[in-house]
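Me: I want to test the terms people use for a structure. Take me through some of them, and show the reasoning each time.

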Amino acid sequence: MRSKPTVIAEAWRLVLLALTCLVLGLSLGNGQAGIIVGLLLLSGWWGYQLKQLLQWLEQPMGKPAKAGGVLGLIVDRICQLQRQSEAAQLQLASALVYLQDSLGSMRDASIIVDAQDQIAWANKSAEHLLGVHHPQDRGQRLQDLIHLPPFTAYYEAGDYSCPLRIPPSTDGEPCLQVEISRFGMGDRLIFARDSTESYRLEQMRRDFVSNVSHELRTPLTVIKGYTQTILELGSLTGGPLQQPLRQIDEQSQRMETLLIDLLWLAQIESIEGQGKTAVVDVVSLLVDLQSTLQTAWTQRDIQLEISTERTVVGDEVQLHSAFSNLIINALKYSVSGPILLRWYELNGIPVFAVSDSGVGVAPHHISRLTERFYRVDKSRSQRIGGTGLGLAIVKHIAVSHQAELAIDSQLDVGSTFSLAFRQSKQ
Ligand code: ADP
């Protein structure tokens, strides 16, 4: 640090100047006047230097005027800060170019949008995937350029916790997977990926399951038909064949239920992305369901508690399926105690909940219950007629209705399965 010696030297210069002026003043007969003239000259010199410095600060082009002493020190420090800031700016600019280069070379489309929804930057892939051209479209509103209704709805809703998948509406169009993240002061970074290949594979898998299920249903119907006919012929059923025939009948019944569930799941999946417009009167749906199930399970007590009239935009058949799967599970996995069905509002969101005081589920199983064929106790589930697909069906129906499935369970105490419909009608 050379500021301390400079300040000391400056102080000495001042003392020297004052002494010189005093001596000169005394030699002319007025020492005080000599000091005042000296100080005036010094202030004038400082004023001139300060003016030069201010001019340079206003337009910092070229080198500043040479200044000595403390002022020179200040100028040196400003120059040093300026050099540091220029170096930092250069570093920042090259980092920005590097970042833009890396985003630009991506096969995924990336677009940066500011807080006013105006396009700030886009890479090359955004041209063919989303029709956004950079720099021609800079400053345009994103919604004016991308005319994909699911995208606009997703972008404007502002909930980007899950990516959006936009299936192709016509053959030859790509399937898009879109992710949005926020940064800065309300800016958004949009990534869109061509996921046509995985969409195609998934569709092939779905078609395969659906076709196999269809194909198996015909021979199964024949087997079931013959078994039942033979069972009905009293002369044959009385013999040793009775037991195996009953087992064939039971197993073919189980297989048929499984095929029906598999076909239903494939159907729900195939129309998952389609928007739903029908308004479902959940109250009357639940009243009907409660009465039907109570008639079938006479020995059990199914209670219904309704505290909201809210409707849901969706598919009535699917909602009926989801609700009945949850209620039947509650009946199957509890031996006694009432089953409580509730339709209520929580923080403005309508919720359907089913509670039982049955076997419950240990915490480590809960996150896996909605996987296909996942059962906590396989033999018990098979014994009571489960296919292992019920909760997978519920989960898919929840997704296609933008509902959230929550499972709250305690082993040997009971469970509550609930569906919260985030986008329901008032
Ligand atoms: P399943 O046809 O076997 O009932 P589900 O997909 O409907 O298949 O359920 C998956 C598993 O979740 C069941 O095997 C069971 O272990 C558990 N489960 C579902 N509902 C309940 C419930 N209400 N209480 C306890 N366990 C349940």
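**Between two domains**

Me: Why is the second largest pocket said to lie between domain 3 and domain 4?
Reply: Both domain 3 (201–270) and domain 4 (279–425) give residues to its lining, so the pocket lies between them. Keep in mind that this is a predicted model.

Me: What makes a residue part of that lining, and which residues are closest to the centre of the pocket?
Reply: A lining residue has an atom within 4 Å of a pocket point. The second largest pocket has a volume of about 720 Å³. Of its 37 lining residues, N329, K332, Y333, G390 and L391 are the closest to its centre.

Me: Which helix supplies the largest share of the lining of the second largest pocket?
Reply: That is α11, with 9 residues. Helix α11 spans 316–332. Among the other elements that supply at least two residues each are α9 (242–270) and β12 (414–421).

Me: How do the lining residues of this pocket divide into nonpolar, polar and charged?
Reply: There are 14 nonpolar, 15 polar and 8 charged residues. Glycine counts as polar here, so G390 falls in the polar group.

**The ligand**

Me: What makes the approach of K332 to the ligand a polar contact?
Reply: The cut-off for a pair of N or O atoms is 3.5 Å. A polar side-chain atom of K332 lies 3.2 Å from a ligand oxygen atom. That is within the cut-off, so the pair counts.

Me: Which atoms of D356 and T387 come into play at the ligand?
Reply: D356 uses a polar side-chain atom, 3.0 Å from a nitrogen atom of the ligand. T387 uses a backbone N or O atom, 2.8 Å from an oxygen atom of the ligand. Both pairs pass the 3.5 Å test, so both are polar contacts. T387 is also one of the closest of the 21 residues that surround the ligand.

**Strands and backbone**

Me: How do you know that β11 and β12 pair?
Reply: Pairing needs at least two bridges. Strands β11 (residues 403–410) and β12 are joined by 8, so they pair, and they run antiparallel. One bridge links A403 to F421 in β12.

Me: What makes N347 stand out?
Reply: Most residues other than glycine have a negative phi. N347 is not a glycine, yet its phi is positive, about 50°. N347 sits in the loop between β9 (339–346) and β10 (349–356).

Me: Where is the cis peptide bond that involves P135?
Reply: It joins H134 and P135, with omega about 10°. P135 is in the loop between α4 (125–130) and α5 (142–145).

Technical notes: Residues numbered from 1 in each chain as written. Predicted model: local features only at pLDDT ≥ 70, side-chain atom pairs only at ≥ 80, totals over all residues. Heavy atoms only, no water. 1 Å grid on protein atoms, 1.4 Å probe; cavity = no way out; pocket = protein on both sides within 12 Å on 5 of 7 lines; lining within 4 Å. Points joined across faces, edges and corners; volume = space filled by probe spheres on them. Helix = DSSP H or I, 4+ residues; strand = E, 2+ residues; numbered from the N terminus. Domains from an automatic or database assignment. Near = heavy atom within 4 Å. Polar contact = N/O pair within 3.5 Å; in protein donor to acceptor, adjacent residues only side chain to side chain.
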